[in-house]
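Colleague: Could you walk me through the charged pairs in this model? I would like to see the reasoning behind each answer.

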Amino acid sequence: ITVLDETELVDGVVTRIVEERESLDGELYEVSRNFFATCRETGDVWYFGEDVDFYEDGQIVDHHGSWRAGLDGAQPGIQMPSVPLIGAGYFQELAPAEALDFAEIVSVTEALTVPAGSFTNVLRVLEGSAIETTSVGEKWYLRGIGLAKDEELELVEVTAPDCQPDATTLCLNDGRFKVE
């Protein structure tokens with residue numbers, strides 16, 4: 001999973017692209033480009049859709065699960081509320097023809113160790129789908145970083161962006177925030 005230095009306008013909103021690549025038996029199986037935006041007023045992270053490519057023998061064979069807010073009745077969903085409340089539920093994907101995924105916050109005090117380190121006060125959610133009703137999973141999120149663990153996937157590295165302080169630039173939180 002990689003946060004790209006790319007944006008795309010989806011349903012009138014500038015979104016950041018997060019790319020996910022999945023391999024199966026050493027072969028590229030799926031590439032999805034997910035579209036996210038953060039609400040300036042609330043801090044909630046919104047999910048505006050995804051372009052999905054499935055591969056067989058190096059060739060794209062399907063786009064199942066692709067959707068975009070503003071098309072075919074799809075609306076943006078909340079990926080992560082800025083104020084996580086235990087027991088709060090929300091739709092992450094609202095694309096009636098393709099994806100109706102939802103999540104429920106079950107803890108904000110988990111401890112988690114992944115290859116990137118050990119963390120406390122980790123947020124844990126349960127996820128499911130109104131379309132694929134047997135699909136239930138857990139995810140763990142780190143404040144200020146994002147997804148840390150998703151079933152068998154684990155955060156391996158956190159790379160802070162480069163920030164060089166000078167007469168007009170201040171770097172905060174180990175260079176993660178830049179004020180000019």
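Modeller: Gladly; here are some questions and answers on salt bridges and one polar residue, bearing in mind that the model is predicted.

Colleague: Let's start with the overall tally: how many salt bridges are there?

Modeller: Side chains of opposite charge can pair when their charged atoms come close. Here a pair counts when a side-chain nitrogen of Lys or Arg is within 4 Å of a carboxyl oxygen of Asp or Glu. By this rule the salt bridges number 11.

Colleague: Which residue forms a salt bridge with Arg16?

Modeller: Arg16 sits in strand E2 (residues 13-24), and its partner is in strand E1 (residues 2-10), 11 residues apart, so the pair links distant parts of the chain. The closest N and O atoms of the two are 3.8 Å apart. The partner is Asp5.

Colleague: Of that pair, is Asp5 buried or exposed?

Modeller: Arg16 has 33% relative accessibility, so this residue counts as partly exposed. For Asp5 the relative accessible area is 76%. Since exposed means over 50%, Asp5 is exposed.

Colleague: And what is the N to O distance between Glu19 and Arg33?

Modeller: The side chains of Glu19 and Arg33 meet in a salt bridge. Glu19 lies in strand E2 and Arg33 in strand E3 (residues 27-38), so this pair ties together parts that are 14 residues apart in sequence. The N to O distance is 4.0 Å.

Colleague: Is Glu19 buried or exposed?

Modeller: Its partner Arg33, at 23% relative accessibility, counts as partly exposed. Glu19 has 15% relative accessibility. Because buried means under 20%, Glu19 counts as buried.

Colleague: Which residue meets Glu154 in a salt bridge?

Modeller: Glu154 counts as partly exposed, at 36% relative accessibility. The N to O distance in this salt bridge is 3.8 Å. The residue that meets Glu154 is Lys149.

Colleague: Which residues are joined into one network?

Modeller: Salt bridges can share partners, and here they do. Glu19 and Arg33, whose side chains meet in a salt bridge, both belong to the network. The residues joined are Glu6, Glu19, Arg21 and Arg33.

Colleague: Turning to Asn34, which side chain makes a polar contact with the side chain of Asn34?

Modeller: Asn34 is found in strand E3 and is buried, with a relative accessible area of 1%. Not counting residues up to four places away in sequence, Asn34 touches several residues, including Arg16, Tyr47 and Glu50. The polar contact spans 3.3 Å, and the side chain involved belongs to Ser32.

Methods. Residues numbered from 1 in each chain as written. Predicted model: local features only at pLDDT ≥ 70, side-chain atom pairs only at ≥ 80, totals over all residues. Heavy atoms only, no water. Helix = DSSP H or I, 4+ residues; strand = E, 2+ residues; numbered from the N terminus. Buried < 20%, exposed > 50% of the residue type's maximum accessible area, 1.4 Å probe, protein only. Polar contact = N/O pair within 3.5 Å; in protein donor to acceptor, adjacent residues only side chain to side chain. Contact = heavy atoms within 4.5 Å.
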